Amino acid sequence: MDVYSILEKVMAQKPLVHHLTNWVTIYDCANIVKVLGASPVMAHAREESGDMAGLASSLVLNIGTLTPEFIESMKIAAKSANKKGIPVVLDVCGAGATKLRDDKSFELLDQVKIDVIKGNASEIARIAGENVKTKGVDSVEVEKNLIELARHLAGERNATVVITGKEDIVADKTRYFIVKNGHEMMMHVVGTGCMAASVIGTFSAVHKNLAEAAASALSVYGIAAELAAKESKGPATFKEKLFDNIYRLNKETVERMKKVE
Amino acid sequence: MDVYSILEKVMAQKPLVHHLTNWVTIYDCANIVKVLGASPVMAHAREESGDMAGLASSLVLNIGTLTPEFIESMKIAAKSANKKGIPVVLDVCGAGATKLRDDKSFELLDQVKIDVIKGNASEIARIAGENVKTKGVDSVEVEKNLIELARHLAGERNATVVITGKEDIVADKTRYFIVKNGHEMMMHVVGTGCMAASVIGTFSAVHKNLAEAAASALSVYGIAAELAAKESKGPATFKEKLFDNIYRLNKETVERMKKVE
Amino acid sequence: MDVYSILEKVMAQKPLVHHLTNWVTIYDCANIVKVLGASPVMAHAREESGDMAGLASSLVLNIGTLTPEFIESMKIAAKSANKKGIPVVLDVCGAGATKLRDDKSFELLDQVKIDVIKGNASEIARIAGENVKTKGVDSVEVEKNLIELARHLAGERNATVVITGKEDIVADKTRYFIVKNGHEMMMHVVGTGCMAASVIGTFSAVHKNLAEAAASALSVYGIAAELAAKESKGPATFKEKLFDNIYRLNKETVERMKKVE
């Protein structure tokens, strides 16, 4: 898969990536889109979320600090995105922790077209119908074959499914990828999961095959993390270097380091 | 213009700068005020936004993640500021992108006294009545003489008008400044535009002539950016060094580097 | 007091620390919990704040950007925490600045059980009934013996009371600690006060004696700040190094540097 060519399209087309996301990592989600060379926007008012999605090339939803009203704005944005035919990425952040998160995740999946469903192992297991209990927004161990889980959910929801973890899994109805880029330090800083969804949203804005877009996004993101880890002395310098390294990525680095199967 | 003397007044008086701003860059807006030596506060509840403005020396409004309810709190704060006679800065973030942003920008300009109107080229063009379409919160090219545009709007709204860009324009009814400080790296990191409004708000809190205050603010901010760029390897180290360099600014550096015409 | 043993328990037990906090420093509050080795979660919807507190090992409340509706969600979360018997930390951020902040602080203290009351000198003085006027969220001088103030409030509210400042004071009904760790640079960056509450919340999650937990938390946090200051050139590098140094703390460093009396 030509991972770098998708990043090149991002830099050339500078797509507008609309977000309705959580209040914890909202800056990081915007900034990762910016350092990729694209254009982030965050607009959550129900009075404009549909209009803004109408200007955008993709839409990223994240339920990390959801309220019922916020979910209604997400639906308005997603319906506008569906109508325009741009991809919608949903990060089911914290699914499996509370009834509200489960209910609203299913509501979104049932009422609008979600093109990419993304979460950690216990979040995706919950969305696939398993009886697991997520620890807040952190994953717990899941006693299942995760590739099977992703493929099953992809078929059921007619979507691309992404499970992030030590190795990331990306599956659609017909095939799957394993992305082995990334670094353990990503687990020690808040926001790396949310940013992954934004990178996927950005790549999805310029590349029609969403499984390829998502796998390439995670590879590129993971490569930058590997480079950042070499320059850092802890989680905060790591995060700073992660942004710098995404900004500095080039063809040689990406082609040499990519680990997508 | 004695740019440094205004910064000195900020450090000596430590003004309280009240914000009703967006949820993406709210931390950066607070922190830039803090590293300047002043005191930021962010209070958006309608039940206290007026009281807090009554304690403050200036008010910064930013519609980046507006809702109709949030705009109502802004009006309460602005009316309190108007009554107290402290300056009100409005960042028309994303004007030209959606109807909601246009409508609410005009509503604020019509219903309260705005002392400084600040935006990028396409945002200000929209507020001046031009038919431009902003790309989310990022500027698009405007086929107009921007200095004329700023002066016209300044006269029409009886306000100081700031257009940020490669060169910043600051105009009031009687004169204008061009600020040539700054660095290209500011375009590659989220929040530099919002922070500019906060720096302007901070300088406006201690210096009565608002065109001078705004031009000095942008010069000082741009000088710190030029210094930061020399120490950075990408947008994230740049942003960190920007804060450090603002904190470390001194008379010699500011006087030597200022480029205000 | 065996400060390090409490940090060791945090790293071993990885408690879930639930927050309803302000929108300015929410990321930093989450991230400081994460780099300590614990698990932060931020969930403010009234429909889930009680459920999430039911999963957690402690609850941190911060009124920095309060609204009346947000305070209602805090009460739901606190009642759930009280029922479960987990500690509740309240940061009375900005008490003394506006009537809303005073009223809502007292409402929380009267209607739910708050186990740790934390603020700067003027905030705590206000909560203890003194007639002081806080400058936004920054402290003003208080003409009182702060140790007496803390002990009095601790007795009155049957809680542990924390006053942060150049030296931090921690008091309960029977004794008090003075924590002399920390660094002046903490005053020049937004969020260090809010993060202190999150560190206290994290330590309180694993150690029953809350005065010991709070004093240990502030010592550990201050030690990391002292180490960070040595590596930094300004407030932004300081903050980055603060996170890195918390992540890297070890027994030798903590035991050698702790200054708790």
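**Three chains, one turn: questions on a predicted model**

Modeller: Let's start with how the copies relate. This is a predicted model, and in it chain B can be laid on chain A by a turn of 120 degrees and a shift of 0.0 Å along the axis, with an RMSD of 0.0 Å.

Biologist: Why is that called the relation of a three-fold axis?

Modeller: Look at the turn and the shift: 120 degrees, with 0.0 Å along the axis. That is the relation of a three-fold axis, so the name fits. In chain B, the C-alpha nearest the axis belongs to Trp23(B), 3.9 Å from it.

Biologist: And what turn and shift lay chain B on chain C?

Modeller: A turn of 120 degrees and a shift of 0.0 Å along the axis lay chain B on chain C, and the RMSD is 0.0 Å. Here too, Trp23(B) is the residue of chain B whose C-alpha comes closest to the rotation axis, at 3.9 Å.

Biologist: How do you know that the copies meet through different surfaces?

Modeller: Check how many residues recur. Only 12% of the interface residues of chain B are also interface residues in chain A, so the copies meet through different surfaces. For chain B and chain C, 12% of the contact residues of chain B recur in chain C, and again the copies use different surfaces.

Biologist: Let's take the sides of chain B in turn. What makes up the side that touches chain A?

Modeller: The contact draws 26 residues from chain B and 25 residues from chain A. On chain B, α5 (99-111) and α10 (235-248) each supply at least two residues of that side. The most comes from α10(B), with four residues. Sorted by class, the side of chain B that touches chain A holds twelve nonpolar, eight polar and six charged residues.

Biologist: And what makes up the side of chain B that touches chain C?

Modeller: There, 25 residues of chain B are in contact with 26 residues of chain C. On chain B, α2 (26-35), β2 (39-42), α3 (49-55) and α10 each supply at least two residues of that side. α2(B) has the largest share, six residues. The classes on this side are 15 nonpolar, three polar and seven charged.

Biologist: Since α2(B) came up, how does α2(B) pack against α8 (residues 192-204) of chain B?

Modeller: Their axes are 9 Å apart, at an angle of about 40 degrees. The crossing of α2(B) past α8(B) is right-handed. α2(B) makes the contact with Asp28(B), Cys29(B), Ile32(B) and Val33(B), while α8(B) brings Cys194(B), Met195(B), Ser198(B), Val199(B) and Thr202(B). By class, that contact has six nonpolar, two polar and one charged residues.

Biologist: Over in chain A, why are α9(A) and α10(A) called oblique to each other?

Modeller: Set the angle against the cut-offs. The axes of α9 (residues 210-230) and α10 (residues 235-248) of chain A come within 8 Å and cross at roughly 130 degrees. Roughly antiparallel takes an angle over 145, and roughly perpendicular runs from 65 to 115. The helices α9(A) and α10(A) are therefore oblique to each other. Among the residues making the contact are Ala224(A) and Leu227(A) of α9(A), and Phe238(A) and Ile246(A) of α10(A). The residues of this contact divide into eight nonpolar, one polar and one charged.

Biologist: Now the sheet in chain A. What makes β2 (39-42) and β8 (176-179) of chain A the edge strands?

Modeller: Eight strands form an open sheet, in the order β2-β1-β3-β4-β5-β6-β7-β8, with mixed pairing. β2 and β8 of chain A each pair on one side only, and they are the edge strands. From one strand to the next, the twist averages 20 degrees.

Biologist: How do you know that β1(A) and β3(A) count as a pair?

Modeller: Two strands pair if there are at least two bridges between them. Four bridges join β1 (residues 16-20) to β3 (residues 58-62) of chain A, and these strands run parallel, so the cut-off of at least two is met. Leu20(A) stands opposite Leu61(A) in β3(A).

Biologist: Which strands does α9(A) lie across?

Modeller: α9(A) lies across β5 (116-120), β6 (160-164), β7 (168-171) and β8 of chain A, and runs at about 5 degrees to β8(A).

Key. Residues numbered from 1 in each chain as written. Chains lettered and ligands numbered in written order. Predicted model: local features only at pLDDT ≥ 70, side-chain atom pairs only at ≥ 80, totals over all residues. Contact = placed C-beta atoms within 7 Å. Nonpolar A, V, L, I, M, F, W, Y, C, P; charged D, E, K, R; others polar. Least-squares fit on C-alpha atoms with pLDDT ≥ 70 in both. Axes fitted to C-alpha atoms, helices over the stretch in contact; angles between N-to-C directions. Parallel < 35°, antiparallel > 145°, perpendicular 65-115°, else oblique. Left-handed = near helix turned anticlockwise from the far one by under 90°.
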